[in-house]
Each structure stands twice: as C-alpha cells, then as structure tokens.
Amino acid sequence: MWDVSIVSQLVDSGAFVSENLDFSGMTTLRVGGPARIVAECPTTQVLVDVVRLLDASEIPTLILAGGSNLVVGDDGFDGVVVRVSNTTVELEEGFVTADAGAEWDQVVAQTVAAELGGLECLSGIPGSTGATPVQNVGAYGVEIGTMLRRVRLLDRRTGEVRWVQPDALGLGYRTSVLKHTDAALVLSVELTVHRDGLGEPLRYRELFSALEAEEGDRRPSVEVRDAVLDLRRGKGMVLDPEDYDTWSAGSFFTNPVVPERELTTVLAAVESRLGDVSVPQYPADAGTKLSAGWLIERAGFSKGYPADGAAARLSTKHTLALTNRGAAKTEDLLALAREVRDGVQSAFGVRLEPEPVTVGCAI
C-alpha cells in the first residue's frame, strides 16, 4: 500500500484531485470500474511534475486523456489516474503545435477554419492529440505519420523532456514504439500543414467518390472535412451521447496484414465458405492487408449482432465497432470480442488483433 499523503503532494504539484471516480465516466465505451485517485493536470508543467512525482514514488499510474481507445476492467485501477488536460493549440507558418490533451477533432477543425490543409481526412476521430502518434492514427487514406513533424516527450526513465523526430517513433500500421509501454509520455505534437487550403491528395475510394472527385485530386480542406464527417456519422463513428452506436472505442480490431506465404490459404478458405467473391485487398509492408469489417460480417457476425436487448453488440451501422448499449460491463464487451475474434479465425484462419489498450482485463 502506498502512502496516502500522495494526495496532498499531487495538489501541491498543481493537480486537481478526485477520488473513486468510475471509468464509465472517463471513456467513450462507458465501462470500467473505479479509479482510486484521479489527478487532472491542466498544464504541461503540472503534467510533467505529477508524472515525475508518481514515478519517483513508484506508484501505479495510468495516463488518460480522451479515453477513446481504452478498455478498463470491471475491477477498475488501484492507483493514480493522470488525466492529461493541457489543451493549448498554436497555428504558425506551415505547421500546428498542439498539447497532448487538446481534443483531436478540435485541432483539425481549427486548421480547417484557418484554411490550412492536411489533417481533414482525420476529422471526427475521438480522443486527444497525444494519442495520435502513439496509435499512428489514420483514416481515409491518411495517417498521422504523414503530417507529423516532431513529438515532445517526457522520458519516464530519466525524467528528461525532449523533442524527437518521427523516424525515432517506429511508426507502423496503428502502432509505434510508444504503444503498450510506459517508457515515454507524449506532451505535445507538431504537425506540418498545407498553406494553400487544399487537403491531402484523395486516396480512399469511398471518400473521393463521395466528393465526386478522382483519386489523387486535392480539394479544399473544408469540403473534405464535411464529407469525412458525413461518412463517419453514417457508420456511428462520431460521438453522440444519444446514439448507443457511438458508445464504442471506434474500430475495435485492426485490419489484419496477412503474410504473402499465408494469403493463398486464407483466400482458399474464403472461397470455400463464400464461393467466388471479390475480397478487399490492399498492399502493405509485411504482406496484404484485408478488411477486418468485411471478414467479421462474412464470418456470420452481422451489424447489431447478437440481437436487440444484448448489453454489448456490434454497431448497427458498422461491424468493426463493439458498442455498449447502455448497461454493458467490460466483461460483456470482452466476451463479444472473443466470440468475434474466434469466429473469424475459425472461418478464414485470420486472427484479428484488438486496437484499444486494455487495463486490468484481457481479450
């Protein structure tokens, strides 16, 4: 048991401290047990001081910002939850600097309103700015790594604060060296943007079709943002407290990348089950990327699975999202995730990997 005097030390460091808050009020899935102590850090300096204090005291610590990519067990977390609440955003010549706690979609909105381009395809993604390089967040043909200029980190092993370049982050498909480790904490990010008001070249068929454009075209960032938000709303991927389809962690599984040596076997399994069908395939560094949503639905898990009245269901709009229908527990969601994962593997020989970070639970 750690010294309860830590509360007064957290307050002295500038944090706003609460006790015994439920994670259901701090995550977009709205599940999870209690957090013993929550220390909200309104500035970058407070955040650094608080994390240094907790690390020096060897107190279990969980860093939390938007809570959009987090699944916490029903027993909660017996430690200190550090809420990242620094939110400064600065627009300068050709780039934007945003604190880790800034709401990501508001950062995108500010760049678009300033007639800057490059981030518009990442509109509507919930969560904080600090999570974007950790996950190498991406959507509609653009990844954060495309626009990332540098990242300011707190090295939790040494206490040092420094800026690092993108090539030091090991960015990959929905991953980086920052994911699944507590070694470093993102404090702020710096992103390159286009000053001509035009977005990134359109690469994603669904998006350029919605814009009645051609692949590779560049359109005003405001037009692209509007189209992206419309597409995401149609899939229940824009947060709405009245819509249970948005009580989720977004895409629960990453699109699997199948090594070339295994692809023939997987495609044969698809043909055996479904006949001669067109399988969505995309080139990837380590093989061929398949659509997790397509595989889930063809394995027998339709939108809204398992049925009305279930505490946890697949979204009624999008099979890749697992949703809390208002009264789900973490274990309800994990049981559904296991069923879907195992069903896809049984049907096609492809093992889906979860995208959210899990704390105090496992799939």
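**A colleague's note on this predicted model**

1. A good place to begin is S251, which sits in the loop between α7 (221–234) and β13 (257–258). Please keep in mind that this is a predicted model. With a relative accessible area of 23%, S251 counts as partly exposed, because the buried class ends under 20%.

2. S251 also has a place in the UniProt record. That unreviewed entry lists R174, S251 and E355 under "active site". Although these residues are spread over 182 residues of sequence, they cluster in space, and the largest C-alpha distance is 11.1 Å. Annotations of this kind may be inferred rather than shown by experiment, so please read the label with that in mind.

3. The same record offers a domain to look at. UniProt places "domain: FAD-binding PCMH-type" (unreviewed entry) at residues 30–231. In the model, the C-alpha atoms at the two ends of this span lie 24 Å apart. Helix makes up 24% of the span and strand 28%.

4. Next, turn to the second largest pocket. Its volume is about 790 Å³, and 32 residues line the pocket. Which of them lie nearest its centre? They are L62, I63, L64, V134 and V357. By type, the lining divides into 17 nonpolar, 12 polar and 3 charged residues.

5. Where in the fold does this lining come from? At least two residues each are supplied by β3 (61–64), β5 (77–84), α4 (131–135), β12 (184–192) and β18 (357–359). Of the elements, β3 gives the most to the lining of the second largest pocket, with 4 residues.

6. Now for the rings. The structure holds 4 aromatic pairs. One of them joins Y244 and W247 in an edge-to-face arrangement, with 4.9 Å from centre to centre and 90° between the planes. The two partners are worth checking for accessibility: Y244 is partly exposed at 36%, whereas W247 is buried at 11%. W247 has a charged neighbour as well, since R30 lies over the face of its ring, 4.0 Å from the ring centre.

7. A further aromatic pair is formed by F301 and Y305, whose ring centres are 5.0 Å apart; their planes stand at 90°, so this pair is edge-to-face. F301 has 6% relative accessibility and therefore counts as buried. Elsewhere, the charged end of R150 sits over the ring of W163, at 4.0 Å from its centre.

8. Y305 deserves a second look for its backbone. Most peptide bonds are trans, but a cis peptide bond joins Y305 and P306, with omega at about 10°. P306 belongs to the loop between α9 (292–298) and β16 (312–314).

9. Finally, consider phi. Most residues other than glycine have a negative value. E58 has a positive phi of about 55°, and phi of E115 is also positive, near 60°. E58 lies in the loop between α2 (44–56) and β3, while E115 is in the loop between α3 (104–113) and α4. Are these two residues buried or exposed? E58 is exposed at 70% relative accessibility, and E115 is exposed with a relative accessible area of 58%.

Methods. Residues are numbered from 1 along each chain as its sequence is written. This is a predicted model: local features need pLDDT of at least 70, side-chain atom pairs count only at pLDDT 80 or more; totals for chains, interfaces and linings use all residues. Side-chain values use heavy atoms; hydrogens and water are left out. On a 1 Å grid over the protein atoms alone, a cavity is a set of points where a 1.4 Å probe fits but cannot get out, and a pocket is an open set with protein on both sides within 12 Å along at least five of seven lines; lining residues have an atom within 4 Å of a point. Grid points are joined across faces, edges and corners, and a volume is the space filled by probe spheres set on the points. Ala, Val, Leu, Ile, Met, Phe, Trp, Tyr, Cys and Pro count as nonpolar, Asp, Glu, Lys and Arg as charged, and the others, Gly among them, as polar. Rings of Phe, Tyr and Trp (its six-membered ring) pair if their centres lie within 6.5 Å; planes under 30 degrees apart count as stacked, over 60 as edge-to-face and the rest as tilted. Buried means under 20% relative accessible area, exposed over 50%, partly exposed in between (1.4 Å probe, protein chains only). A charge sits over a ring if NZ of Lys or CZ of Arg is within 6 Å of the ring centre and within 35 degrees of the ring normal.
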